[in-house]
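Biologist: I'm new to this one, so could you take me through a single part of it up close? I'd like to hear about the aromatic rings and what surrounds them.

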Amino acid sequence: MTPATITVPKLMFTIFNGGKALGSKVRFSKFYIILNIKVQDLEIDANTIYYKIAAAVKKAITSHKLGEAGFKANMSGSYYNALDSINDSFKMLEEAINSTGLNTNERKLLQLGINADSASIYSDEIGKYDVEGPKNLFDQTMLADWFVKLA
């Protein structure tokens, strides 16, 4: 095996917990930050990267109008998603990632991930997926298309 053929598992840090079960306005149950490293990345310290992104997320949360009390940190270091929308969640995390300076045009060390938890967004009453209110009701095909655009 050569370093080019060896893959490194993706490290995923849960940043936000939400969804229907937790009573969050944001229906996705989890938002992750994914550390995208390769076996050749000997100079990259995953701990340092984690602490940088954790500090950037905490700064974003403390500067938000709800503050840390509104986001309720849990024992794992992740936060309750107190934001109003999926887009707000992505925006806050993208800004936190950008503030670290770890991603460049040449290399994206940090990426976003989600657990969309389709059971949390499906409405039995109307037979559609309610992503963010009545303006965003999707059938299966529309939801799949929306996820493709999201990626």
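Modeller: Here is a walk through the aromatic rings, the core around them and the pocket beside the topic. Bear in mind that this is a predicted model, where local features need pLDDT of at least 70, side-chain atom pairs count only at pLDDT 80 or more, and totals for chains, interfaces and linings use all residues. Residues are numbered from 1 along each chain as its sequence is written, and side-chain values use heavy atoms, with hydrogens and water left out.

Let's start with the rings. A search of the whole structure turns up eleven aromatic pairs; rings of Phe, Tyr and Trp (its six-membered ring) pair if their centres lie within 6.5 Å, with planes under 30 degrees apart called stacked, over 60 edge-to-face and the rest tilted. Phe31 and Phe90 make an edge-to-face pair, 5.3 Å centre to centre with 75° between the planes. Phe31 sits in strand 2 and Phe90 in helix 3, so their pairing ties together parts that are 59 residues apart in sequence. (Helices, H or I with at least four residues, and strands, E with at least two, are DSSP runs numbered from the N terminus.) Both Phe31 and Phe90 are buried, where buried means under 20% relative accessible area, exposed over 50% and partly exposed in between, using a 1.4 Å probe and protein chains only.

Trp146 and Phe147 form a tilted pair, at 5.5 Å centre to centre and 55° between the planes. Trp146 is partly exposed at 21% relative accessibility, and Phe147 is partly exposed too, at 27%. All four of these residues belong to one aromatic cluster, along with Phe16, Phe28, Phe71 and Phe138.

Back to Phe31: leaving out residues up to four places away in sequence, its contacts (heavy atoms within 4.5 Å) include Phe16, Val26, Asn81, Ser89 and Leu93. Ser89 lies in helix 3 and is buried, with a relative accessible area of 0%. With the same sequence neighbours left out, Ser89 also touches Phe16, Val26, Asn81 and Leu83, besides Phe31.

Now the core. The largest nonpolar core has 36 residues, and Phe16, Phe31 and Leu110 are among those touching the most other members; such a core is a set of buried Ala, Val, Leu, Ile, Met, Phe, Trp, Tyr and Cys residues joined through side-chain atoms within 4.5 Å. Strand 1 (11–17), strand 2 (30–35), helix 1 (46–63), strand 3 (79–80) and helix 3 each supply at least two of its residues. In soluble globular proteins, nonpolar side chains tend to be buried together.
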